[in-house]
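Q: I have a model in front of me and would like to learn how to read it. Could you take me through it, one feature at a time?

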Amino acid sequence: MSVGHPPGLDLDQLRRHLDRERPGLVAGPLSGRIVEGGRSNLTYIVDDGSSTWVVRRPPLGHVLATAHDMKREHRVISALHPTSVPVPEALLLCEDDSVVGAPFYIMEFVAGTPYRTAEQLAQIGPERTRAAVLGLVDTLVDLHAVDPAEVGLGDFGRPDGFLDRQLRRWGKQLDASRNRELAGVDELHAALGRALPTSPAATIVHGDYRLDNVLINQDDDGVDRIKAVLDWEMSTLGDPLTDLGLLAMYSAKLDLPDSPVSTSAAAAGHPDASELIERYAARSGRDVSAVSWYTAFAWFKLAVILEGIHYRYTLGQTVGAGFDRIGELVPVFIEHGLTTLQEG
């Protein structure tokens, strides 16, 4: 018998399915645990005593399948695995809800650390921190250099009108969470709309590209390298500079002690946003003169996400510590967005 059942994953059912679909893959009883820290889709580490895998499935009780599309995640990492972009190997996709209660996929386990906070980075020191973050930029350049058509992703999204649709989408998300006055948020949304840039040629876009969505490990020569880029649920074809703007936003030093929103930018050795932008421009050859718009949009998007969390907190729909302080952060993100857009 399997050892325990983490929430949302019946290991006995999983074992029976694997024995049917991939005979010989599993050699012994399965045990598993859920990985903490995920924002949306659930991630599990599963092993049989000799081999280890990762299982991804939608959150418990979700109803919008398009927002947690396992087939989409499986497709993009399968397409990227043969390229220079480090992703885990996808092993199996199951779209049958009857196995574990929702669609899921299995991929190889990749050893590495997702650095989420400045305190974690402090343990590896400023030199390794700097190298890790610069490697994040280099990997992003590699991703944006992949020809979608060549890897079978030519129809993975709708690049035309991408930025306009993104701005409208997050405006609707904001409206869905309105239960208080937020100074400046409508001004920021309108200003972004008036200054909409012309997108460069479309690429594969990760959609949530940041340090804690990659696994970093040292090679035998002691060099830290990105071993896997994770969490592809927001990936599509679109404007590559949205990924860069988000990375720049996450590289801003917010100086918010004990913030419930984790950031690693304050770590010693962490390059600032301007250096990351310059490195991306030099290595990709793209015009980044409008990057302030993309960074301001990232501030707006995160403000909307945080306001949604705060709204759910006011309705008593959140569980855990720190949610009571999310609301006070939203105006900070709005102010940064306005300042970034105005100052360029």
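Q: Start with charge. How far apart are the mean positions of the positive and negative charges of the protein?

A: Keep in mind that this is a predicted model. Lys and Arg count as positive, Asp and Glu as negative. Here there are 32 positive and 48 negative charges, and their mean positions lie 3 Å apart.

Q: What radius of gyration does the protein have, and what would a compact globule have?

A: Start from the chain length. For 344 residues, a compact globule would come out near 20 Å. The protein has 20 Å, so the two agree. Along the principal axes, the C-alpha atoms fill a box of roughly 60 × 50 × 45 Å.

Q: How many helices and strands does the protein have?

A: There are 10 helices and 9 strands.

Q: Which share of the contacts joins residues at least 24 apart?

A: Set a floor on sequence separation, then look at the remaining contacts. Among those between residues at least 6 apart in sequence, 69% join residues at least 24 apart.

Q: How much of the protein is buried?

A: Buried means under 20% relative accessible area. By that cut-off, 48% of the 344 residues are buried. The accessible surface comes to about 16200 Å². Carbon and sulfur atoms account for 49% of that surface.

Q: Now a single strand. Why is strand β2 described as largely enclosed?

A: Count its buried residues. Strand β2 covers residues 42-47, and 5 of its 6 residues are buried, so the rest of the structure largely encloses it.

Q: Which strands pair with β2, and in what sense?

A: Take the partners in turn. Strand β1, residues 31-34, pairs with β2 in the antiparallel sense over 4 bridges. In that pairing, I34 stands opposite Y44 of β2. Strand β3, residues 52-57, also runs antiparallel to β2, and 6 bridges join them. There, I45 stands opposite V54 in β3.

Q: Which residue takes a positive phi in the hairpin of β2 and β3?

A: Look at the 4 residues between the strands, then at the backbone angles. In this hairpin, G49 has a positive phi near 95°.

Q: Now a helix. How many residues of α7 are buried?

A: Helix α7 spans residues 241-250, and 10 of its 10 residues are buried. Among them are D243, G245 and Y250.

Q: What do the buried residues of α7 pack against?

A: List the elements they contact. The helices are α4 (125-145), α5 (162-176), α8 (273-284) and α9 (291-314). Strand β6 (203-205) is also on the list.

Definitions and conventions
Residues numbered from 1 in each chain as written. Predicted model: local features only at pLDDT ≥ 70, side-chain atom pairs only at ≥ 80, totals over all residues. Heavy atoms only, no water. Helix = DSSP H or I, 4+ residues; strand = E, 2+ residues; numbered from the N terminus. Rg over C-alpha atoms; globule rule 2.2 N^0.38 Å. Buried < 20%, exposed > 50% of the residue type's maximum accessible area, 1.4 Å probe, protein only. Contact = heavy atoms within 4.5 Å. Areas by Shrake-Rupley, 256 points an atom, 1.4 Å probe, with all protein chains shown as cover. Charge placed at Lys NZ, Arg CZ, Asp CG, Glu CD. Pairing = 2+ DSSP bridges.
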